[in-house]
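Q: Could you take me through one part of this fold up close, the sheet and what packs on it?

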Amino acid sequence: MKVSLFIPVKDEIEGLRSILPRIKKEWIHQVVFIDGNSKDGSVEYIESLGYKVIPQSKPGLLNAWWEGFDASTGDVIIPFSPDNNSVPEDIPKLIEKMGEGYDIVIASRYAKGARSEDDDVMSYLANRLFTALINLLFRFHYTDALTMYKAFRKDLLTELKLEEHRKDHFEIMLACRAARRKLKVTEIPSIEPKRLGSDYSRAHPGKFGKYKSAIEFLVIIFRDWLKFK
Ligand SMILES: Nc1nc2c(ncn2[C@@H]2O[C@H](COP(=O)(O)OP(=O)(O)O)[C@@H](O)[C@H]2O)c(=O)[nH]1
Ligand SMILES: [Mg+2]
């Protein structure tokens, strides 16, 4: 089983310095870095460790995701946040579980024994409520449907027709569609430490960004509930 670790980066020098030395190259087949025009030395630091960095051609985190997936040559993809939200030591645990034949293994922040140290009240409630809504509508058993940190079979991108919706929020669609198809999904408990570095490289800065995402999430959930078979 070949594993591609996909890391989107936008000015994350502080997180990268803490995270990258802890990722063992023998765990994975490939690390794909997609850079959103970092200006804080992130790219230079990554390259100094012998990795290649791909500059993003279209702006925005979603484009970074798809450019990362397109560049991934593994059978399994693990999206990984370099801002300290994803714990590198859980990578081998995700891979081991995938080896047992799962389609998706989620690094859950809300499974027994896990927690998020990065949540505020709003993000905690949003994560729990959206996960509960997806479980209710699609009759599934997620504890964390929204986290980016997980391992999944790359073929799901075509099997679940995700490639046809490159402009839609990826995690929500993957969660809804995997649940609808009753795929083999499991979770491991994974602590989400606090984000390192500045807030401005966040994908959805400010309060308004979060409300906009929440509405987008609802639209996708109900669209897939009605239409995706
Ligand atoms: N390549 C790229 N990376 C981005 C962009 N926006 C955010 N990121 C990275 O995506 C990762 C996840 O974003 P973050 O805001 O922390 O997401 P959250 O933890 O889910 O709120 C961070 O490490 C950012 O550096 C972008 O436009 N391009
Ligand atoms: Mg983050």
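A: Sure, and bear in mind that this is a predicted model. Let's start with helix H3 (residues 61–71), which lies across strand E1 (3–9), strand E2 (30–35), E3 and E4. Relative to E1, H3 runs at about 155 degrees.

Those strands belong to an open sheet of 7 strands, ordered E3-E2-E1-E4-E6-E5-E7, and the pairing is mixed. At the edges sit strand E3 (53–55) and E7, each of which pairs on one side only. From one strand to the next, the twist averages 25 degrees.

Now zoom in on E4 and E6, which pair in the antiparallel sense over 2 bridges. Here Ile77 stands opposite Phe152 in E6. As for Ile78, leaving aside residues up to four places away in sequence, it touches Val3, Leu5, Phe6, Ile91, Leu94 and Ala151.

Two of those contacts, Ile91 and Leu94, bring us to helix H4 (residues 91–98), where Ile91, Leu94 and Met98 are buried. Looking down the H4 axis, the buried residues fall within an arc of 65 degrees, so they line one face of the helix. The buried residues of H4 pack against strand E4 (76–79), strand E5 (104–108), strand E6 (150–153) and strand E7 (185–189).

Ile78 also turns up in the bigger picture: the largest nonpolar core has 50 residues, and those touching the most other members are Phe6, Ile7, Ile78, Ile134, Ala175 and Cys176. The largest share of this core, 7 residues, is supplied by helix H7 (residues 170–180).

Technical notes. Residues numbered from 1 in each chain as written. Chains lettered and ligands numbered in written order. Predicted model: local features only at pLDDT ≥ 70, side-chain atom pairs only at ≥ 80, totals over all residues. Core = buried A, V, L, I, M, F, W, Y, C linked by C-beta atoms within 7 Å. Buried ≥ 20, exposed ≤ 12 C-beta atoms within 10 Å, placed from the backbone. Helix = DSSP H or I, 4+ residues; strand = E, 2+ residues; numbered from the N terminus. Contact = placed C-beta atoms within 7 Å. Arc of directions from axis to C-beta. Pairing = 2+ DSSP bridges. Axes fitted to C-alpha atoms, helices over the stretch in contact; angles between N-to-C directions.
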